[in-house]
Amino acid sequence: MPQKKMFLGLSTTDGYGSNNEAWRRPDVDPSSYTNLDVTVRRAQAAERGGFAFLFTPDFPAVRSNVARSTLQNTMDPMLTLTVIARETERIGLVATGSTTFQEPFNLARQFKALDVISHGRAGWNAVTTSDPYVAASYGQPVADRGDRYRRAHETVQVVQALWGSWEKDACVKHQESGQFIDVDHLRPIDLQGQYVASRGPLAIPPSEQGQPVVFSAGGPSPDMLALAGRCSSAFITEVWTIPEARARRPRCVRPHGRPSGTPTRSSSSSAS
Ligand SMILES: Cc1cc2nc3c(=O)[nH]c(=O)nc-3n(C[C@H](O)[C@H](O)[C@H](O)COP(=O)(O)O)c2cc1C
């Protein structure tokens with residue numbers, strides 16, 4: 001019988017905790033939001049305490065009643081986790097990145113860079129962004145759910161193809177011969193979808209874990225469960241009972257009746 005193992009992740013937001021009033025406690029440093037020393041100390045405590053990963057949700061907008069409440073975000077998840085990466089050794093670093101408001105090349109580049117910098121500890125929580133305040137930050141209304149998820153399926157595939165665009169031994173760095181990269185081991189991806197595209201390759205070699213781990217956070221829409229089932233190695237959701245959790249299991253299915261959202265090789269772009 002396989003041995004089951006539980007992995008614990010810790011959600012890291014603005015440095016005060018999830019209680020909106022926590023920042024007012026006399027033993028809390030009210031500058032925690034912008035003071036990365038506080039965030040680093042907490043990350044180090046989580047690492048010592050055996051947490052497998054830190055998770056930074058991201059809602060880039062001022063959403064709450066900030067006259068009294070804190071912002072419930074990090075200033076920037078990638079920058080925060082890059083700082084934490086330099087001050088920790090083992091803990092996984094999972095940041096949120098929107099498939100709706102970011103291009104696959106930016107996502108692939110930032111997460112791969114974090115993965116290389118952290119020696120293979122990065123994860124990407126791929127969300128489609130359904131929050132109207134966040135959409136407004138980008139000057140848009142919340143897109144139709146079908147469009148968001150079709151774009152998400154394409155985006156994850158393009159991002160993963162970009163991450164795979166360097167073979168393991170592509171980066172030669174041979175000072176004597178002068179060969180820096182073995183270009184035969186570098187692959188343009190040349191993918192064209194309905195929503196996103198990239199020729200690639202990425203300009204970053206593989207990390208020690210190969211590629212970042214893909215996460216999804218959300219539910220219960222069937223589209224979210226299908227995205228998580230097809231694309232993600234880990235799923236974060238909010239449930240209060242075991243039956244609820246079972247019902248929320250990601251499903252390895254196509255979003256109902258919709259095209260699979262598989263980008264195809266572009267014939268128009270050159271692979272040189
Ligand atoms: C535990 C949890 C964490 C989430 N974290 C984020 C996040 O960091 N950023 C974000 O834009 N949405 C986040 N969401 C929202 C989901 O990605 C999703 O948009 C939401 O569940 C609505 O589903 P729908 O988009 O299928 O309508 C989170 C949801 C849950 C339950």
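This report walks through a predicted model of a protein with a bound ligand, from the ligand shell to the backbone and a few selected residues.

**Confidence**

Let us begin with how far the model can be trusted. The protein has a mean pLDDT of 92, and 94% of its residues reach 70 or more. Residues 268-272 are another matter, as their pLDDT is below 50. Beyond near neighbours in sequence, that stretch has 6 contacts in the model. Where pLDDT is low, the predicted coordinates should not be read in detail.

**The ligand and its shell**

For a computational chemist, the ligand is a natural place to start. The ligand has 17 residues around it, and those that come nearest are Asp-58, Ser-130, Arg-145, Arg-148 and Ser-221. By residue class, the shell divides into 7 nonpolar, 7 polar and 3 charged residues. Helix α5, which spans residues 145-163, supplies the largest share of the shell, with 3 residues.

The table sets out polar distances between the protein and oxygen atoms of the ligand.

| Residue | Protein atom | Distance to a ligand oxygen atom |
|---|---|---|
| Ser-130 | polar side-chain atom | 2.8 Å |
| Arg-145 | N or O atom in the side chain | 2.8 Å |
| Gly-219 | polar backbone atom | 3.1 Å |

On its own, the ligand has 620 Å² of accessible area, and the protein covers 85% of that.

**Backbone features worth a look**

Gly-219 also takes part in a cis peptide bond, the one leading to Pro-220, with omega near 10 degrees. Pro-220 sits in the loop between β9 and α6, the latter covering residues 222-231. A second cis peptide bond runs from Gly-200 to Pro-201, and here omega is near -10 degrees. Pro-201 belongs to the loop that links β8 (197-198) with β9 (213-217).

Why do these spots deserve attention? Most residues other than glycine have a negative phi, and most peptide bonds are trans. Positive phi values in residues other than glycine are therefore worth noting too. Lys-173 has a phi near 50 degrees and lies in strand β5, residues 171-174. Is Lys-173 buried or exposed? Lys-173 is exposed, because its relative accessible area is 54% and the cut-off for exposed is over 50%.

Gln-72 has a positive phi as well, near 55 degrees. This residue is located in the loop between β2 (53-56) and α2 (77-87).

**Gln-72 and the loop after β1**

Which side chains make polar contacts with the side chain of Gln-72? One is Asn-20, at 3.0 Å, and another is Thr-70, at 3.5 Å. Setting aside neighbours within four places in sequence, Gln-72 is in contact with Thr-13, Asp-14, Gly-17, Ser-18 and Asn-20. For a sense of scale, the C-alpha atoms of Gln-72 and Gly-178 are separated by 49 Å, with their positions 106 residues apart along the chain.

Thr-13, one of the partners of Gln-72, is found in the loop between β1 (9-11) and α1 (36-48). Thr-13 counts as buried because its relative accessibility is 18%, and buried means under 20%. Besides Gln-72, its contacts outside four places in sequence are Pro-57, Asn-73 and Thr-74.

Thr-12 has its place in the loop between β1 and α1. With a relative accessible area of 13%, Thr-12 is buried. Leaving aside residues within four places in sequence, Thr-12 is in contact with Thr-39, Leu-54, Phe-55, Thr-56, Pro-57 and Thr-74. Pro-57 and Thr-74 thus appear among the contacts of Thr-12 and also among those of Thr-13. From Thr-12 to Val-142, 130 residues apart in sequence, the C-alpha to C-alpha distance is 25 Å.

**A buried leucine in helix α3**

Our last stop is Leu-114 in helix α3, which covers residues 104-117. How accessible is this residue, and what does it touch? Leu-114 counts as buried, at 1% relative accessibility. Not counting residues up to four places away in sequence, Leu-114 touches Met-78, Leu-81, Thr-82, Ala-85, Leu-93 and Ala-122. The C-alpha atoms of Leu-114 and Arg-48 are 21 Å apart, at a separation of 66 residues along the chain.

Key
Residues numbered from 1 in each chain as written. Predicted model: local features only at pLDDT ≥ 70, side-chain atom pairs only at ≥ 80, totals over all residues. Heavy atoms only, no water. Near = heavy atom within 4 Å. Polar contact = N/O pair within 3.5 Å; in protein donor to acceptor, adjacent residues only side chain to side chain. Areas by Shrake-Rupley, 256 points an atom, 1.4 Å probe, with all protein chains shown as cover. Helix = DSSP H or I, 4+ residues; strand = E, 2+ residues; numbered from the N terminus. Nonpolar A, V, L, I, M, F, W, Y, C, P; charged D, E, K, R; others polar. pLDDT = per-residue confidence, 0-100. Contact = heavy atoms within 4.5 Å. Buried < 20%, exposed > 50% of the residue type's maximum accessible area, 1.4 Å probe, protein only.
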